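This document offers a guided reading of a single protein model. The reader is invited to keep the sequence and the three-dimensional view at hand while following the paragraphs below.

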Amino acid sequence: MAADNDEYIYDEVTGEWRPASEVAASAGNEMVVRDASGNVLADGDSITVIKDLKVKGAGQTLKQGTVIRSIRLTDNPEEIDCRHDGIKGLVLRTEFVRKR
């Protein structure tokens, strides 16, 4: 139970006002993945590549503006897993993508 003098913060996940100490304690458990613009990414989102990227081992280049659908998050908050035109196991850095 929270102390009476504790500040309350609106938790967007639960939709409730919760004590700041509880929100801070639970925030460490969740990994937040953000794109180059700071938007939160989730499994299944579509992204756009914001810079031409050479794909190592595939001999292809992903051009700026390429749309990739149905991404998957990895254990690393700076990387996402995706597929594009037969390139399986494609891992992109979040600094080079923007949520669509």
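The paragraphs that follow treat salt bridges and then a sheet.

The model is a predicted one. Within this model there are 5 salt bridges. As a general matter, side chains of opposite charge can pair when their charged atoms come close.

One of these contacts involves Arg72 and Asp81, whose side chains meet in a salt bridge with an N to O distance of 2.8 Å. The two partners may be considered in turn. Arg72 has a relative accessible area of 41% and is partly exposed. Asp81, by contrast, counts as buried, because its relative accessibility is 18% and buried means under 20%.

A further salt bridge is formed by the side chains of Glu78 and Arg93, at 3.0 Å from N to O. This pair links distant parts of the chain, 15 residues apart: Glu78 belongs to the loop between β9 (72–73) and β10 (79–84), while Arg93 belongs to strand β11, which covers residues 87–93. As for accessibility, Glu78 counts as partly exposed at 41%. Arg93 is likewise partly exposed, with a relative accessible area of 31%.

Arg93 also takes part in a salt bridge with Glu79, where the closest N and O atoms are 3.9 Å apart. Glu79 is located in strand β10 and Arg93 in strand β11, so this pair ties together parts that lie 14 residues apart in sequence. Glu79 has a relative accessibility of 25% and counts as partly exposed. How do these contacts fit together, and which residues are joined into one network? Through salt bridges that share partners, Glu78, Glu79, Arg93 and Glu95 form one network.

Attention may now turn to the sheet. Three strands make up an open sheet in the order β8-β5-β12, and their pairing is antiparallel. The edges are occupied by β8 (67–68) and β12 (97–99), each of which has a single partner strand, so one side of each is left without a neighbour in the sheet. Strand β5, which comprises residues 47–49, is joined to β8 by 2 bridges, and these two strands run antiparallel. Which residue of β8 stands opposite Ile47? The residue opposite Ile47 is Ile68.

In summary, the reader may locate the network of Glu78, Glu79, Arg93 and Glu95, and then trace the open sheet in its order β8-β5-β12.

Note on methods
Residues numbered from 1 in each chain as written. Predicted model: local features only at pLDDT ≥ 70, side-chain atom pairs only at ≥ 80, totals over all residues. Heavy atoms only, no water. Salt bridge = Lys/Arg side-chain N within 4 Å of Asp/Glu carboxyl O. Buried < 20%, exposed > 50% of the residue type's maximum accessible area, 1.4 Å probe, protein only. Helix = DSSP H or I, 4+ residues; strand = E, 2+ residues; numbered from the N terminus. Pairing = 2+ DSSP bridges.
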